[in-house]
Amino acid sequence: MSFALHGLAVSPGITVGQAHLVSSARLEVARYEVPEEALEAEVARFEAALGRVREELAALAAHVPPEAPPELAAFVNLHRLILDDPSLAQTPKALIRERRANAEWALVLQMEKLARRFEEIEDPYLRERRADIEQVVERVLKALAGGRSLPEPPASLEQNMIVVAHDLSPADMLLFKRHRFGGFVTDVGGVTSHTAIVARSLGIPAIVGLHHARDMIREGDTLIVDGLAGVVLVDPDPLLLGEYRLRQSGYALEREKLKRLRAAPTATLDGTPVELYANIEVPQDVAEAREVGAQGVGLFRTEFLFMNRRDLPSEEEQFEAYREVLAGMDGRPVVIRTLDIGADKAVSPDGAVEPGAAAPNPALGLRAIRYCLAEPQVFVTQLRAILRASAYGRARILLPMLAHAHEIEQALALLARAKQQLERDGVAFDRAIPVGGMIEVPAAALALPMFLRRLDFVSLGTNDLIQYTLAIDRTDDAVAHLYDPLHPAVLALVANVIRSANRARVPVAVCGEMAGEPELTRLLLGFGLRNFSMHPAQLLAVKERVLKTDLAQARPLAQRILRQSDPARARELLAKLNA
Ligand code: PEP
Ligand code: MG
């Protein structure tokens, strides 16, 4: 039966392929149909796996070493209780029979249901028991796989696969950089959530906020993902399929044509130069930045180096990563942002470093610079690594989430300490390394002179600026319709920061998602912006817009949009600006 699901388009393009259901990168399982006559054997296979895990846990409990902390025995016993709870031991059996599905799928489906209930619990201790359930389920999955690790789809098939998930964390998404899937769709998430940002960096169509995709789509279903309109068509008829294949090749042709712009100098019609930089998450992204002709890296989100691992990356490891990026950019500027963890970017799935994970409101908690100043050891290690790498190219340091002048002062004092240490040891570094700050908290945008006086450059993080100005959680699809870059309050802050920084002759860039949105290119140019940083996948489309912009026309129209109190009228004027 064919049907359509509507969500939020986060990465453009059209793809046609087969659904591949995943729960998270760690618990990736496929669904397949079990014939009626094999259902009882499937239930028996599930029971056998439960039995094996029961034995494993019993053996563990019997061999707790005497010197082990008392919590260990309690922990193993808790896992035994979870394993025997009817919700995990019985309900999947009913699901296998009713849905004619394999045991792995039934178990993970049930686990996700339980996990959602845990998310609603207020008590932080109880809420964290969700991780225990996941660990028990992982053990059962392993037993079902006969102790082997879970099979990954063969690489040759990946391009035709569309990943369907309830939710993916930014860390899960990062793991997908190793793959070449055809597209992504998820039930939850906002357009500027970090999961969406990483999906966009993969350059493949993606849709979030579909609500019921994971429940309604079956493994292997044929899907059309229209990443331009935010629509997923499930099991489409051949006519529709033909129509979309045509659109898909049309889109691919357009992208191909854009490649011709790679080497062209970036300037508006009157010759005003504009700089287009790339946002990257990991050193491997440099290749793509170079491929589209980025003039520099405007935002290296270093926190991604800290994900999917139990320990912190050492100074040496960080140094190598920063040096690789600087060398790869071959003398072009590279803005290295210091650690911005917290909020939706929890660092370790195993809980090694998860600042703010248990905080009442992580987005307003110990995030980014606040975390770094509370953990000076972690911060200084990173600063030393950046400084050492600065001997190999044009590095710049960018401090995230600034709201107070004293945060800059403390950060600069720690930087001075790191410099002293290196000097003492005779290590080479750029003594005049520029230090900039993200303007992404409304307080910083409103009290800008305080920041301009202390910083060498500023970069507008519009993703957070919108989140904090409009009080909209950027990861929450329930309020995604209220997340509006064209809100007059947002535009007033953005335009004012650009104007004031230009007046003070402090370089200003935009590195939030607004910079990579061709529909907003002329508006930002009209506000006076000359440096845009975005994911490489968007760079050439933005460049095309810049090349066709008449600044004399854009400036007054941008000012009219800024003065508009009627949002509908502002949108009409924007359409006129883009015509
Ligand atoms: C922003 O907030 O706009 C930004 C660029 O930082 P991040 O998306 O990593 O929070
Ligand atoms: Mg931010």
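The residues lining the second largest cavity of this predicted model comprise 7 nonpolar, 1 polar and no charged residues. The volume of this second largest cavity is about 50 Å³. Its lining consists of Leu-486, Pro-488, Leu-491, Ile-561, Leu-562, Gln-564, Pro-567 and Ala-570. Three helices each give two or more residues to this lining, namely H21 (488–503), H24 (551–563) and H25 (567–578). Gln counts as polar, whereas Leu, Ile, Pro and Ala count as nonpolar; the polar member of the lining is therefore Gln-564.

In total, 3 cavities of 30 Å³ or more were found in the model. The largest cavity has a volume of about 80 Å³. Its lining is made up of 15 residues, and those nearest its centre are Arg-301, Arg-337, Met-438, Glu-440 and Asn-463. Strand E10 and helix H20 are the elements that give two or more residues to the lining of the largest cavity. By residue class, this lining divides into 3 nonpolar, 4 polar and 8 charged residues. The contrast in charged residues is plain: the lining of the largest cavity holds 8 of them, while that of the second largest cavity holds none.

The largest cavity is also the site in which ligand 1 sits. Three elements give two or more residues to the shell around ligand 1: helix H10 (194–201), strand E10 (297–301) and helix H20 (462–470). Of the elements, H20 gives the most to this shell, with 3 residues. Altogether, 17 residues surround ligand 1, and the closest are Arg-301, Arg-337, Gly-461, Asn-463 and Arg-474. The shell is composed of 4 nonpolar, 5 polar and 8 charged residues. Arg-301, Arg-337 and Asn-463 appear both among the residues closest to ligand 1 and among those nearest the centre of the largest cavity.

Individual contacts of ligand 1 were then examined. In the case of Glu-440, an N or O atom of the side chain lies 3.0 Å from an oxygen atom of the ligand. A polar side-chain atom of Asp-464 is likewise placed 3.0 Å from an oxygen atom of ligand 1. For Asn-463, the atom concerned belongs to the backbone: a polar backbone atom of this residue is 2.8 Å from an oxygen atom of ligand 1. Because a polar contact is a pair of N or O atoms within 3.5 Å, the Glu-440 pair, at 3.0 Å, qualifies as one. Taken alone, ligand 1 exposes 290 Å², and the protein buries 100% of that area.

Key
Residues are numbered from 1 along each chain as its sequence is written. Chains are lettered from A and ligands numbered from 1 in the order in which they are written. This is a predicted model: local features need pLDDT of at least 70, side-chain atom pairs count only at pLDDT 80 or more; totals for chains, interfaces and linings use all residues. Side-chain values use heavy atoms; hydrogens and water are left out. A residue is near a molecule or strand if one of its heavy atoms lies within 4 Å of it. A polar contact is a pair of N or O atoms within 3.5 Å; within protein, one must be able to donate a hydrogen and the other to accept it, and residues adjacent in sequence count only if both atoms are side-chain atoms. Accessible areas come from the Shrake-Rupley method with a 1.4 Å probe; for residues, only the protein chains shown count as cover. On a 1 Å grid over the protein atoms alone, a cavity is a set of points where a 1.4 Å probe fits but cannot get out, and a pocket is an open set with protein on both sides within 12 Å along at least five of seven lines; lining residues have an atom within 4 Å of a point. A molecule sits in a cavity or pocket if more than half of its atoms lie within 2 Å of its grid points. Helices (H or I, at least four residues) and strands (E, at least two) are DSSP runs, numbered from the N terminus. Grid points are joined across faces, edges and corners, and a volume is the space filled by probe spheres set on the points.
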